[in-house]
Amino acid sequence: MGTLIYLMVTSADGFTSSPDGTFDWAEPTTAVHEHVERFTRTLSGQIYGPRMWETMKVWHDIRPGDGGDYGELADVMYEYGETWRSIPTHVFNRQEGHPLTGEGIRELKAASGGMLSIGGPGIAAVALREGAVDEVARYVVPHATGGGTPWWPVGLDADLELVEEESIDAGWVYLRYRVGV
Amino acid sequence: MGKLIYSMLVSADGFVNRPDRSFDWADPDDEVLAFITERQQAVGAYLYGRRYYEVMTNWADLRSVPGLSDVDYRFSDVWNATPKYVFTRSLAHPPTPNTHLRTEIDVDEIRALKESSEKHVTVEGTEIARVCLEAGLVDGISAYVVPIATGGGTPFFPAGIALNLRLTDAHSFASGIVNLRYAVQH
């Protein structure tokens, strides 16, 4: 039986994007990327909703010898790309008739021996409301958006237990909690 | 000149209370209270909304209550000695000394208070914070992030205000509360 962790980059006021849908303030520095890469290495699977998948699928193509299509990138970007491609990925999309259900998420967890990640906020809300999320981890960026998409589902309350707090770089703080204790 | 610091206990999803406006979960333990008391040595005045002021009046006169912790007594001493400005239209007579009532939030008065103060001035209350943030008066934001999600309530950061921040301190406590301190970049 695997565990499920919801990982998200959030503004200081708790949003995953600005009111206009952009998130240029969430551009990670090299040190943040290294932190994410180390985290990703511990995963046995990644679960994405459609929008998060659109953002993440570029990592299929970021690899040494990519012809410079993505500009000159730090080494950690290529390392992250390699790590990311090595982790099995599951994409759910309600609009395409393939929504994440409580049953689906429990089956994935049952079939996994390790830790699965889930994101972004829409699909994570489904899993959180099903009580299927074991941990939440949040990168808090030193910027307030004043609105946007909330990282935590509206209307859902939960007790959390802090298991990790780390200042990373450029004012980014990593907070990791166990859910429902 | 002091700094104006907006400081409150905040849920992990960014609210200062629950959807029903209760905030029983926003109760600092001894370790956090001792940390806050230490920080308040540098604070010369408190600005409060009525709701938070009324909760804070529980800290008045604690010396007459036996059997509390040293941390409680020390915080009470500091709290009683510090001038308080309460923004309210419903309260006529404050039950604590050293307390000034205001029916309107006057940004010029708050600016003058900050500029004439050698120590910092803290803001507790989301409405005063919004007015001060809109007027560009807030220098620092200090959130004590409590390990709970409320699923709604009054947001700590006022809606519609975007802010660039600089992290000045991050500190976690045994209870799982994390203090994040930011300077507001004007």
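## A tour of the A–B interface

Begin by selecting the residues of each chain that touch the other: in this predicted model, 26 residues of chain A are in contact with 26 residues of chain B. If a surface is computed for the pair, the area buried between chain A and chain B comes to about 1900 Å², and carbon and sulfur atoms give 60% of that area.

Turn next to the charged groups, where the count between the two chains is one salt bridge. To display it, select Asp157(A) together with Arg18(B), whose closest N and O atoms lie 3.9 Å apart, a distance that falls within the 4 Å cut-off for such a pair. Widening the selection to polar contacts, the rule finds 12 residue pairs across the interface of chain A and chain B, with both residues at pLDDT 80 or more.

Now colour chain A by its secondary structure and keep the side that touches chain B in view. The elements that give two or more residues to this side are strands S6 (135-141), S7 (143-144), S9 (158-167) and S10 (173-179) of chain A. Among these, S9(A) gives the most, with six residues. Recolouring the side of chain A that touches chain B by residue class shows 15 nonpolar, six polar and five charged residues.

Finally, stay on S9(A) and add strand S7 of chain B, residues 148-149, to the selection: two bridges join these strands, which run antiparallel. Which residue of S7(B) stands opposite Ala158(A)? Centring the view on Ala158(A) brings up Ala149(B) as the residue that stands opposite.

How values were computed
Residues are numbered from 1 along each chain as its sequence is written. Chains are lettered from A and ligands numbered from 1 in the order in which they are written. This is a predicted model: local features need pLDDT of at least 70, side-chain atom pairs count only at pLDDT 80 or more; totals for chains, interfaces and linings use all residues. Side-chain values use heavy atoms; hydrogens and water are left out. Contact means heavy atoms within 4.5 Å. Buried area is the accessible area (1.4 Å probe) that two parts lose on being put together, summed over both. A salt bridge is a side-chain nitrogen of Lys or Arg within 4 Å of a carboxyl oxygen of Asp or Glu. A polar contact is a pair of N or O atoms within 3.5 Å; within protein, one must be able to donate a hydrogen and the other to accept it, and residues adjacent in sequence count only if both atoms are side-chain atoms. Helices (H or I, at least four residues) and strands (E, at least two) are DSSP runs, numbered from the N terminus. Ala, Val, Leu, Ile, Met, Phe, Trp, Tyr, Cys and Pro count as nonpolar, Asp, Glu, Lys and Arg as charged, and the others, Gly among them, as polar. Two strands pair if DSSP finds at least two bridges between them.
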